[in-house]
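User: I should like to understand how the descriptive terms applied to a structure are justified. May I put a series of questions about the one shown here?

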Amino acid sequence: MPVAQIVIAALGIIAQALPGFLASFTGSADDAAALDKARHAIAAIPHHPALDGINRWRDEEVDEITQELPIGPAAQRKR
Amino acid sequence: MRTLLCPSRAARPHVCPLFLAFAFAIFLAFMQGCAGGPTPREQSQAVEVSARSVEALARALTLAAYEDARQSCPDRLPDCMSDVEARWAPADASILAARLALISWLAANQEDAWMAASAFAMALDDATSVLRRLGVTL
């Protein structure tokens, strides 16, 4: 009788642990997809965000100058 | 004497199954602890979410630097723009450090995952401190 109780208790615990154990073998595709998403998320982080903002202000000046000058892409578009 | 764990121990001196089950559960927990760290999927998901946070931080940084350059240098004089760039350089360096910490975290094995996560947390804390010092609203 005690042996049966031990076996039942052990089986109960194994039944709880089994899905996670099996998932470690079958979840490799999900692991690869999660890794890919993480890589994409890291790649989306700008390298120099502050400099990008400063350069955006600087580039707006360039656009204004090319629009005013009789040369350059903006002037050519007007012609 | 009856106990909750082993009610019949005094009556019948056998090995209590509940006690064995409890010991087995501790053993399983111990083995999980020995395996150490999160699963690869959990680690990737944590890195992804953290990377999105850093990206949001970087976007706020871009806007703040743009506004600073626009207000500080309305004439866009080169010397003035250089000063603004120098002022914001530490912020770019801190974001870069956080990005590198994320790459290390993603590449870390299970044993080193917690250490890599901790390194990223410190890098992120450093980045937010730098941004706050520069007046970026977070």
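Analyst: A suitable starting point is the order of elements: from the N terminus on, chain A runs α-α-α-α. The model is predicted, and its secondary structure in chain A comes to four helices and zero strands.

User: How many of the residues of chain A count as buried?

Analyst: Of the 79 residues of chain A, 19% count as buried. The term requires a relative accessible area under 20%.

User: What joins B:C73 to B:C80, and how do you know?

Analyst: A disulfide joins B:C73 to B:C80, with an S to S distance of 2.0 Å. The cut-off for the two cysteine sulfur atoms is 2.5 Å, and 2.0 Å lies within it, so the pair is called a disulfide. A search of the whole structure finds one disulfide over all chains.

User: Why is the disulfide of B:C73 and B:C80 called left-handed?

Analyst: The torsion about the S-S bond of B:C73 and B:C80 is about -85°, and the disulfide is therefore left-handed.

User: Is B:C73 buried or exposed, and what makes it so?

Analyst: B:C73 has a relative accessibility of 2%. Because buried means under 20%, B:C73 counts as buried.

User: Where is B:R76, and what is notable about its phi?

Analyst: B:R76 has its place in the loop between α2 and α3 (78-107) of chain B. Phi of B:R76 is near 60°, a positive value in a residue other than glycine. The relative accessibility of B:R76 is 11%, under the 20% cut-off, so B:R76 also counts as buried.

User: How many residues of chain A and chain B are in contact, and what area is buried between them?

Analyst: In chain A, 37 residues are in contact with 38 residues of chain B. The area buried between the two chains is about 3400 Å², and carbon and sulfur atoms give 70% of this area. A:I42, A:I45 and A:W57 supply 21% of the area that chain A buries against chain B, more than any other three residues.

User: How many polar contacts and salt bridges are there between chain A and chain B?

Analyst: Between chain A and chain B there are 11 residue pairs in polar contact, both residues being at pLDDT 80 or more. The count of salt bridges between these chains is three.

User: Which helices of chain A supply residues of the side that touches chain B?

Analyst: On that side, α1 (2-26), α2 (28-43) and α3 (49-68) of chain A each supply at least two residues. The largest share, 13 residues, comes from α3(A). The residues of the side of chain A that touches chain B divide into 21 nonpolar, six polar and 10 charged.

User: Why is the pair of B:R41 and A:D30 called a salt bridge?

Analyst: The side chains of B:R41 and A:D30 meet with an N to O distance of 3.9 Å. The limit is 4 Å, and 3.9 Å is within it, so the pair is a salt bridge. The pair crosses between chains, from B:R41 in helix α2 (residues 40-72) of chain B to A:D30 in helix α2 of chain A.

User: Why can such side chains pair at all?

Analyst: Side chains of opposite charge can pair when their charged atoms come close.

User: What makes A:D30, A:D31 and B:R41 a network?

Analyst: A:D30, A:D31 and B:R41 are linked by salt bridges. B:R41 meets A:D31 at 3.3 Å, N to O, and B:R41 meets A:D30 at 3.9 Å. Both distances are within 4 Å, so B:R41 takes part in a salt bridge with each aspartate.

User: Why are B:R41 and A:D30 called partly exposed?

Analyst: Partly exposed covers the values between the 20% and 50% cut-offs. B:R41 has 27% and A:D30 has 43%, so both are partly exposed.

User: Which salt bridges lie in helix α2 of chain B, and how do you know?

Analyst: One of them is that of B:E55 and B:R59, at 3.1 Å, N to O. Both residues lie in helix α2 of chain B, four residues apart, about one turn of the helix. Another is that of B:R70 and B:E67, whose closest N and O atoms are 2.9 Å apart. These two residues also lie in helix α2 of chain B, three residues apart, about one turn of the helix. Over all chains, the count comes to seven salt bridges.

Key. Residues are numbered from 1 along each chain as its sequence is written. Chains are lettered from A and ligands numbered from 1 in the order in which they are written. Side-chain values use heavy atoms; hydrogens and water are left out. Buried means under 20% relative accessible area, exposed over 50%, partly exposed in between (1.4 Å probe, protein chains only). Contact means heavy atoms within 4.5 Å. Buried area is the accessible area (1.4 Å probe) that two parts lose on being put together, summed over both. A polar contact is a pair of N or O atoms within 3.5 Å; within protein, one must be able to donate a hydrogen and the other to accept it, and residues adjacent in sequence count only if both atoms are side-chain atoms. Ala, Val, Leu, Ile, Met, Phe, Trp, Tyr, Cys and Pro count as nonpolar, Asp, Glu, Lys and Arg as charged, and the others, Gly among them, as polar.
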